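Colleague: Got a minute to go through this one with me? I'd like to begin with the charged pairs.

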Amino acid sequence: MAVTDVTPNGSGDGAPKVALLNNPEVRGWVFQIILAVLIVYLAFEGWTNMNANLRAAGIASGWGFLGTNAGFAISQSLIEYSQASSTYGRVYIVGLLNTLAVAFVGIILATIIGFIVGVARLSKNWMVSRLATVYVESLRNIPLLLQIFIWYFGVLRLLPQPREGFDFGPLGLLNNRGFFAPKPVWGEGAEFTLYAFIIACVIAWGVGRWARARQMATGQIFPSFLVGLGTIIFLPLIVFFVSGAPLSWDIPKMGGFRPSGGMTLIPEYIAMLIALSTYTASFIAEIVRAGILAVNRGQTEAANALGLRNGPTLRLVIIPQALRIIIPPLTSQYLNLTKNSSLAVAIAYPELTSVFAGTALNQTGQAVEIISLTMLTYLTISLVTSLFMNWYNNRVALVER
Amino acid sequence: MKKIMLTGALGAAALVFTGAAASAATLDDVKAKGFVQCGVSQGLPGFSNPDADGNWSGLDVDLCRAVAAAIFGDGEAVKFTPLSAKERFTALQSGEVDLLSRNTTWTMSRDTQLGLNFAGVNYYDGQGFMIRTSMDINSALELSGASICTNTGTTTELNVADYFRANNMDYELVAFEKADEVVAAYDAGRCDVYTTDASGLYAQRLKLTNPGEHKVLPEIISKEPLGPVVRQGDDQWFNIIKWVHIATINAEEHGVTMANVEEMKSSDNPEVKRMLGSEGNFGESIGLDADWAAKAIAAVGNYGEIFDRNVGPDTPLGISRGVNALWTKGGLMYGPPIR
Ligand SMILES: N[C@@H](CCC(=O)N[C@@H](CS)C(=O)NCC(=O)O)C(=O)O
């Protein structure tokens, strides 16, 4: 830079001498330092002021409440939770897991539906493309909260009372208390099946790598997908039977008010999952459509000219290029879906905002701690999602050869 | 929901960036802005409920109006903030409302850990259960395994937990943020049972498709003293709310009504004279005019009138006085003397 050339005695040659304050580099640093000091000062003032205010207002503070007994029941929990003895700390975990349960499955469903609808919108079949258009335009234009209510009360009204509910025998029960599915109970020696599954996955991956390398080298095609799938299905199955089929089912049975036993999908979860995934899918469909349209038609023609049929053209030529365009906006949709899951509080689905930033906040009154922790949690979930998607985006990015 | 997050976050932010002085001298603030900001429910008939034109009425609303009248001589100098059970304390702590009058149960933790003060009890309630008549259940002890709909952030969900635990029964709790959704879900058959304060059951039953098909079980499983709440650290404001409420009770005891309050100022009873400001100046000690109580009673009437007008036997709720009768009639309403 010109500035570094200034000689101390600054004679006529070289860059002209500048006053320290007018030196852009020095000035830049000075302002940065002033700003940093200001921010630290504000944060510090805010913190001490908050503590003083809390004390003056007689509001309890600190993190001790996380270890105290919560005392309320939660309708869905992926981990052991008992209203008699579980703490607020556990309420946080239960809420977090419920958020993740609806967000994770919702993201998968939304992606599948979104890709199907997005491709359908480009279909040459008039009916199919029109239906896809109607789907997208109606779902993305109706407020999500409304859709959640429609699904929830729709699901509730559609399903019969427990006593008149559907009984699918060993496959479970369906009524307006939820879907009660048989629950697998693993017996002794079940871990071998799990090991077999892991080994099968590794084998499938290895075969895939080997097949690709061979195809690159010799051009011969190996049905690695079928072989891999076969291994993943049959190897654990064989081990399962050899180890004596260590599995029994806990089949739900109708009780006095509602079925007991088995695993339950509560109506709140079902409604939330449908609402979130169909809504987000309408945006994903548009992203997918844009991604595919952005791939030059010449690519299709070139692929056809090389003798690729339509399926492989889409799979091997169009989609990989479209993905580069699709991934970044897709990430935003995933983040939206996760954050939108907090609307579940409206229909009693016990996720983080509802049980922790809601019930727990109200019972303890510790707004500052609970809201900060909740915000930090959503931030972390979002950042982790972004990191993963960025990693994936880099992987699918066009590699210049 | 977004909204509670917002209230929570705003409350938290207010604590971070405002001066501690915000809690002092609520009366001065109220006088300066010209009205009382009162936190109420989002619609509980008989307690705080807006009509089609947005006019609020109810037992809790009348307490707000009585306070406004005591200060300004005008029961209309109130603005209402509808709050869900979850939002209410944060809204009061952060100064969004001056007074919370929203069927709120007085408990020790709320009184001591939230930086709040309960200024009395304007309705003695208890938690009950409502169920469909067709279910053929006659006691809460037969409810093991039931699905139960209720509001989050209430004493209700904690009481029900205690009750089922104590009786070794199992249940599924379905807790909504808004009362309307609780009612809708119960109505749609999501739950076997709807539980909340007994008064709330009678009020919410009116919103069901067929109110006649539901009954309230005989068990009352908790004590729910409902009353007005203010922030800690402003004793003057605390006293105003406390004594306005007491004045309505004492007025009933001494036969002072909305209609006769003017004549009663010249009553022979010294207690009445002190209350209505024709003898001594008790208003001064709480920063108000001498006729503070007279103005409050002129606006909303005495406690008996407030009760009858909003929840009494002649209203759709049809609740009898029961424990909410005056102490002279075997109830719990007992106002300390004004002297
Ligand atoms: N008294 C209890 C419960 C109060 C409560 O929120 N009750 C519900 C059901 S009656 C209610 O007021 N709903 C009306 C609303 O949310 O607007 C408490 O203070 O925790």
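Colleague: How far apart are R165(B) and D162(B) in helix 6 of chain B?
Modeller: Three residues, so about one helical turn separates them in helix 6 (residues 155-166) of chain B; helices here are DSSP runs of H or I with at least four residues, strands E runs with at least two, numbered from the N terminus. Their side chains meet in a salt bridge, 3.7 Å from N to O. The cut-off is a Lys or Arg side-chain nitrogen within 4 Å of an Asp or Glu carboxyl oxygen. This is a predicted model, where local features need pLDDT of at least 70 and side-chain atom pairs 80 or more, while totals for chains, interfaces and linings use all residues. Side-chain values use heavy atoms, without hydrogens or water; residues count from 1 along each chain, and chains are lettered from A in the order written.

Colleague: Is R165(B) buried or partly exposed?
Modeller: Partly exposed, because its relative accessibility is 40%; D162(B) is partly exposed too, at 44%. Buried is under 20%, exposed over 50%, partly exposed in between, using a 1.4 Å probe and protein chains only.

Colleague: Which salt bridge partner does R177(A) have?
Modeller: D192(B), with the closest N and O atoms 3.0 Å apart. That pair crosses between chains, from the loop between strands 2 and 3 of chain A to the loop between helix 7 and strand 11 of chain B. R177(A) counts as buried because its accessibility is 0%, and D192(B) counts as buried at 4%.

Colleague: And how do E262(B) and K265(B) pair up?
Modeller: In a salt bridge at 3.3 Å, N to O. E262(B) is exposed at 53%, whereas K265(B) is partly exposed at 22%. Over in chain A, R121(A), E286(A) and R289(A) are joined into one network by salt bridges with shared partners.

Colleague: How many salt bridges over all chains?
Modeller: 18.

Colleague: Switching topic: how much space is in the largest pocket?
Modeller: About 1,700 Å³. Of its 32 lining residues, those closest to the centre are R212(A), M216(A), R315(A), L316(A) and P320(A). A pocket is an open set of 1 Å grid points where a 1.4 Å probe fits, with protein on both sides within 12 Å along at least five of seven lines; lining residues have an atom within 4 Å of a point. The volume is the space filled by probe spheres on those points, joined across faces, edges and corners.

Colleague: Which helices supply that lining?
Modeller: Helices 5, 6, 9 and 11 of chain A each give at least two residues.
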